[in-house]
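Q: Could we go through this structure together? I am new to it.

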Amino acid sequence: MTPLEQRNLKMGLLFCAPWLIGIVTFLLYPIASALIYSLCDYSVLLPPVYIGAENYRELFTDPLVYKSLWNSVVYATGSVLLSSLVSLSLALLLNTKVRGLAFYRTIFFLPSLMPVVAGSVLFMWLFNGQSGLINAFLAMLGVSGPAWLADPRFAKLAMILMASWGSGHAMVIVLAGLQDVPTALHEAAIIDGATYWDRLWHVTLPMLSPVLYFNVIMGIIGGFQVFTQAFIMTDATGSPERSTLFFVLHLFNVAFQDLRMGYACALACVLFLIILSLTWVLTKVSARFIVYDR
Amino acid sequence: MRKLRHAVRHNQGRRSLLALALASACNPTPGLDGPRTVVYWEKWTNFEGEAIARVVQAFNEKELARAKAEPHYRPIRVERVTISRIDEKLLVAIAGGEPPDIAGLYSRLLPAYAQKGALLDLTLQFQRAGIERADFVPIYWNLCQFRGKMWAAPTAPASLALHFNQRLFAEAGLNPDRAPVTIEELDAFAERLTRWEVRLPGGGVEILSGYLNEVPATRKRLLQVGFLPAGPREWLGHWGGFFGGKLLAGSHVTAAAPENLRAYAWMQSYSQKLGVEALRKFRSGFGKFASAQNAFLSGQVAMQLQGVWMHNFIQRYAPGMQWSAAPFPFPADRPDLANHSMVEADVLVIPKGAKRPEEALAFLEYATSQEGLELLCLGQHKFTPRAMESEAFQRAHTNPKISLFRQLGLSPTAFTAPQTGVWQEYGREMAAAYDAMEHLAQTPREALGAVELRMQGAVDRERRAWLLREGRL
C-alpha cells in the first residue's frame, strides 16, 4: 500500500468512524449481548448464570410462544394485506386530476402522524361494543356489532382494522411510485385498446411492484413487532383469552414483569430469525413478479 | 504558551471559587454542606399523592427543626418523584445502577424483587431502628417478609369487602341495610337485582327482573346486573380464596384444588345465567374506573367486591350515592370462612444500590411510625397497618366503613397473594384462565389444570435458580 493509499484509507476510516461507532455500540453490541444472555439465567439485577440452551428448550415447548406467534402471524398478514389495499386504493384515487388534490393528500396522510398511543385510545372508544361509533354505524345498517375488544373472535380483527389507520406512509410511497410509471406505457396500452382495469393490472401494478414489495416487507417487519396497540388496548395482558397476546407483548411481559431477561433475549433472537427468514423467502418468491427494469 | 496555560488555570480557579461562593450564598438550608437528599419514588398521584407529599413535608420540617436545634446536624431532605408503572421503571433503574434511595411498591411485587436481589435486606436495620412486628397488624407485616427476611415496611393497607347500592336494594324490595351473608344469598339477591329491557312481540318494551332464560337473547338487553364476579385483573386469581382455596401450598401449585374449582364454577355460573354475549356487550359499555361512568357508581352493577379506596371514588364521582359495605359472603357450608378478605398493602423498600440507605431508613422509620402512617392514611382515606390507631385518627376519618376494612385485615380468615417470586406470571395465567372460563370456552378443571401445570414448572424453575444462586444445588 502506497503512502497515499494509506492516507486515503485513514481518512476514509475517519469519515466512516461515526457510523462505525454507532453501529457497533447501538446495534452489534446489543445483538451480541442478546445472543449471549439468551444462553443465561439473567434477571439484569444479578450476574448472568450460564444455562446452555435451556431457554431455547423451554421456548420450543412453551404453548404461549406458539399462541403469540400465531397471533402475530395473523396480525401481520391481515394488516399487511389491508394496509396495502388501502394505501394502493388511496394512492390511485389521489393520483387522479381533481380539484383540491393537495388537500385530500394531506387529509389522508394526517392519521399516520398521530402517535400510536393516542390512536389506540381513540380506537378503544370507536370499538366500544355499547357506545362505539363503529357499532352505531353498523346499527344504522341493521347489523348488531360485536363487543370488538372484549370478544376473542373480533379483538385481533379490530387491531387489524386499526392498522389501516396508519396507511398514510405507505400511500405516499405508492403515490410516488405511481407518478414514476412511464406515461408512454399507458399511451401504448390505450392505443392497443386496453381498458382502465387492463392498464392497472398489466401496466401500473407491474411498474409499482418494487414499491409494493418494499411496503409489504416493511409491513411484515412492523406487523411482527406490533406492541403498543396491544399494550394500551389490553393493558398489557393480551386479553380477551390471549387473542391479542402478540409475540413482542409476550416478550415484554417475560422481560419486564417476570424479570426473565435471558428467556426474553432467546425470544428476541427467535423473532429476529423469523423476520430474517421471512424476508429472505419473500425476496426469493417475489423475484419473479417484481419489475425493476424500466 | 506556559503563561497562557497559567492564566487559564488561574482564571478557572477564580471561577470555581466564585461558583462555590454563589452556591453557598443561595443555599438557604442549614449545615455546612447542605441537606442530605433522599430521592423517593412513588406511584400515586392525585389525593393519594398529596397525602404522601404531606408525609414528606412533615418529615422534612422535622429535619430542619432538628438542624436548627443541633447546628452540626446535616438534615435529610426527601425529594418525592412521582413515577408511573413503577414496578418496571424501578427495576430498570436498579439494573442501571441509578435507583432512588427509597421507593413505594405493591406488596405483591416484593417476593419477585427480593428473589432477584433488587432490594436491601432490612431485617437488621429494622431491629436496630426498633421497627417491630408487634407494632403492626400481623398480616401486613408478613406481607413484607420473604424467605425469613424483611424487605419492606407496610404503609397504606387495603382489604376488600362487598359494596352494595342501597337504593337499588330498596327498589328491588330488599332490605337496604342488610347485605347477603352467604354466597347462596348473594346469588338470590343478584337475581332480584338484575334487570333487562325486553322487546315485546307485539311492539313496545318492558323492564323485567331476573335472568329471563326463557326470553331469546335477541329480544332482551341487560340494563342492570345484581353482581359481577369481576374486578381488576390482578385480583382475578383470588376468587378461590373466598371459597377456602389456596394457590400455593409450600412449593406446590394448587390452582386446581377443589375449593378453587368450586369458586370458578360459581364465577362461571354468572356467564351461564346472564349469557356470554349479553355480558360482553354490557361490560363494554362500562366507563373508566375513576369516572362517574364506573359500573358501580352509575348503578349498572348493584353489588361489587371492592377495596377500602372505593369510598374515595364514591365521594368524588357519585357523592349522593347510598351505599354500604359488608364482609364478602362465604359458602353456606363453610361458615368457618366468615369475615374473609383478600388483603395487600403499599410498602416502602430501599433498592439495592441506593446512594443514601441510612437516610432512606430514617425516612422509612418516620413514614411507618404511628404519626407518619396516620397522616398518610387519613389523607388516602385508608386505615393504618399499625396494631394501634389513635382516637383522633378514628374520629377524623371520613369513611363510614373504615372500621370494617380494618377488622377484615385483622380477621384470621384474611388471605394474601401467594408469596412467590413468580406471582406476576401466576396472576397473568389466572387472569387468562378467568377469561376462558368467563367466556365459557373452558371448564374450570381445564383452565385451572392448565394453569397448575404451567405454574408448577415456573415455581420449580424459580426454586432451582434460587438454590443455584445460593450455592445449594
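A: The questions below concern one helix of chain A and one residue of chain B, in a predicted model.

Q: Is helix 12 of chain A largely enclosed, or open?
A: Helix 12 of chain A spans residues 247–257, and 9 of its 11 residues are buried, so it is largely enclosed by the rest of the structure.

Q: Which residues are buried there?
A: They are A:Phe247, A:Val248, A:Leu249, A:His250, A:Leu251, A:Asn253, A:Val254, A:Ala255 and A:Phe256.

Q: And what covers them?
A: The cover includes helix 3, helix 10, helix 11 and helix 13 of chain A, together with helix 3 and helix 16 of chain B.

Q: At what angle do helix 12 and helix 13 of chain A pack?
A: The angle is about 160 degrees, and the axes are 8 Å apart. Since angles over 145 degrees count as roughly antiparallel, helix 12 of chain A is therefore roughly antiparallel to helix 13 of chain A. The crossing is left-handed.

Q: Which residues make that contact?
A: From helix 12 of chain A, they are A:Phe247, A:Leu251, A:Val254 and A:Ala255; from helix 13 of chain A, they are A:Met261, A:Tyr263, A:Ala264, A:Leu267, A:Ala268 and A:Leu271. By class, this contact has 10 nonpolar, no polar and no charged residues.

Q: What comes just after helix 12 of chain A?
A: There, A:Leu259 takes a positive phi of about 55 degrees.

Q: Changing topic, where is B:Asp177?
A: B:Asp177 sits in the loop between helix 7 and helix 8 of chain B.

Q: Is B:Asp177 buried or exposed?
A: B:Asp177 is exposed, because 10 other C-beta atoms lie within 10 Å, and 12 or fewer counts as exposed.

Terms used:
Residues numbered from 1 in each chain as written. Chains lettered and ligands numbered in written order. Predicted model: local features only at pLDDT ≥ 70, side-chain atom pairs only at ≥ 80, totals over all residues. Buried ≥ 20, exposed ≤ 12 C-beta atoms within 10 Å, placed from the backbone. Helix = DSSP H or I, 4+ residues; strand = E, 2+ residues; numbered from the N terminus. Contact = placed C-beta atoms within 7 Å. Axes fitted to C-alpha atoms, helices over the stretch in contact; angles between N-to-C directions. Parallel < 35°, antiparallel > 145°, perpendicular 65-115°, else oblique. Left-handed = near helix turned anticlockwise from the far one by under 90°. Nonpolar A, V, L, I, M, F, W, Y, C, P; charged D, E, K, R; others polar.
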